[in-house]
Amino acid sequence: MGWTAERWARLMASPPWRKKSLFPAPETADEGGVLGFSQGLDCRMLVDAYYHGIFPWPFEEESVLWASPPRRGVLPLAEFHIPKSLKRELRKGAFQVKADTCFLEVMRGCAEAVRPDGEGTWITGKLLEAYGEFHRLGYAHSFEAFDQEGRLAGGLYGVVMGKVFCGESMFFRVSGASKAAFCAAVERMAAAGIVLIDTQMVTNLTASFGAREISRGEYLLWLENLRGDAPTPGLFSQA
């Protein structure tokens with residue numbers, strides 16, 4: 001049974017994850033950050049996980065790994081900066097960036113993207129279904145970069161918990177599209193009151209914008225002070 005708005009509203013009247021989580025405490029994860037596995041996932045599990053600093057990582061098509069790594073990549077919006085070379089590219093206005101106009105298309109773009117490590121996608125059909133529903137409820141959001149012909153050229157998606165944006169994945173079909181989407185996304189996040197971007201890990205790209213690594217304990221303190229569990233439909237389209 002899917003999570004209709006009415007069913008979710010009844011659950012939100014007294015969110016059980018505030019008192020007792022479905023998951024073990026993040027601090028009990030093994031050295032690789034693994035807390036456990038499940039056969040499936042739904043919106044109830046997702047909001048509980050993100051509320052406690054946990055995220056899903058598919059192990060196989062049939063299984064979902066739940067993780068809270070000992071080190072976390074973060075980008076406080078107060079520390080965000082755009083490299084000079086990228087600023088010059090952005091001034092050309094090659095892309096138009098929108099929010100929440102084609103969430104599943106962005107997820108599919110991320111799923112189809114070729115990764116530097118050569119590994120296959122971690123975005124399984126199970127995740128597409130669960131996050132699609134999470135988006136419909138107002139938790140998951142996407143940012144899309146369109147080229148001059150109106151074609152989807154790149155984008156990113158993630159989950160909002162209060163004033164934290166938990167970035168999940170990004171992709172590009174045209175060079176520079178994902179960077180343009182990310183920079184525009186940060187601007188809209190700031191306007192919407194987001195304070196921290198959880199990048200999960202620090203890559204060369206996110207580091208160039210100011211991302212850094214912190215301990216799990218420090219991340220959980222940030223999260224405790226900034227998190228919220230109310231859906232935010234239309235958050236960025238209004239920013």
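**Figure 1. Q200 and its burial at the end of strand β9.** In this predicted model, Q200 is buried, its relative accessible area being 10%. The residue belongs to strand β9, which covers residues 196-200, and its backbone carries a positive phi of about 65° even though Q200 is not a glycine.

**Figure 2. The salt bridge between R72 and D198.** In a view centred on strand β9, D198 forms a salt bridge with R72, and the closest N and O atoms of the pair are 3.0 Å apart. Because R72 lies in strand β4 (residues 71-76) and D198 in strand β9, the pair ties together parts that are 126 residues apart in sequence. Both partners, R72 and D198, are buried. The pair belongs to a structure in which a search of the whole finds nine salt bridges.

**Figure 3. Helix α2 and the pairing of R44 with D48.** Helix α2, made up of residues 43-51, is mostly covered, with nine of its nine residues buried; these are C43, R44, M45, L46, V47, D48, A49, Y50 and Y51. Within the helix, R44 forms a salt bridge with D48, the closest N and O atoms being 2.9 Å apart. The two residues are four positions apart in helix α2, and so they are separated by about one helical turn. R44 is buried with a relative accessible area of 13%, while for D48, likewise buried, the value is 0%. At the start of α2, a side-chain oxygen of D42 reaches to within 3.1 Å of the backbone nitrogen of R44, so that R44 appears in this view both through its backbone, in the approach of D42, and through its side chain, in the salt bridge with D48. After α2 comes G53, whose phi is positive, near 80°.

**Figure 4. H141 and its polar partners.** H141 is placed in strand β6 and is buried, with a relative accessible area of 1%. Its side chain makes a polar contact of 2.8 Å with the side chain of D100, and a polar atom of the H141 side chain also lies 3.1 Å from the backbone oxygen of G138. D100, for its part, is found in the loop between β5 (96-99) and α4 (103-112), and at 21% relative accessibility it counts as partly exposed, because the cut-off for a buried residue is under 20%. D100 also has a positive phi of about 60°, although it is not a glycine.

**Figure 5. E144, a buried acidic residue without a salt bridge.** E144 lies in strand β6, which spans residues 140-146. Side chains of opposite charge can pair when their charged atoms come close. E144, however, is buried yet has no salt bridge, and the nearest side chain of opposite charge, that of R188, is 7.1 Å away. That distance stands outside the limit of within 4 Å that a salt bridge requires. The side chain of E144 is instead joined to the side chain of S142 by a polar contact of 2.5 Å.

**Figure 6. The charged network of D147, E149 and R151.** D147 forms a salt bridge with R151, in which the closest N and O atoms are 2.9 Å apart. Salt bridges that share partners join D147, E149 and R151 into one network. The two ends of the D147 and R151 pair are described by opposite words: D147 counts as buried at 14% relative accessibility, whereas R151 counts as exposed at 51%.

**Figure 7. The lining of the second largest pocket.** The second largest pocket has a volume of about 350 Å³. It is lined by 18 residues, of which E89, L90, F95, G176 and A180 are the closest to its centre. The elements that give two or more residues to this lining are α3 (84-90) and α6 (177-192), and the largest share, six residues, comes from α6. By residue class, the lining divides into nine nonpolar, four polar and five charged residues.

Technical notes:
Residues are numbered from 1 along each chain as its sequence is written. This is a predicted model: local features need pLDDT of at least 70, side-chain atom pairs count only at pLDDT 80 or more; totals for chains, interfaces and linings use all residues. Side-chain values use heavy atoms; hydrogens and water are left out. On a 1 Å grid over the protein atoms alone, a cavity is a set of points where a 1.4 Å probe fits but cannot get out, and a pocket is an open set with protein on both sides within 12 Å along at least five of seven lines; lining residues have an atom within 4 Å of a point. Grid points are joined across faces, edges and corners, and a volume is the space filled by probe spheres set on the points. Ala, Val, Leu, Ile, Met, Phe, Trp, Tyr, Cys and Pro count as nonpolar, Asp, Glu, Lys and Arg as charged, and the others, Gly among them, as polar. Buried means under 20% relative accessible area, exposed over 50%, partly exposed in between (1.4 Å probe, protein chains only). Lys and Arg count as positive and Asp and Glu as negative; His and the chain ends are not counted. A polar contact is a pair of N or O atoms within 3.5 Å; within protein, one must be able to donate a hydrogen and the other to accept it, and residues adjacent in sequence count only if both atoms are side-chain atoms.
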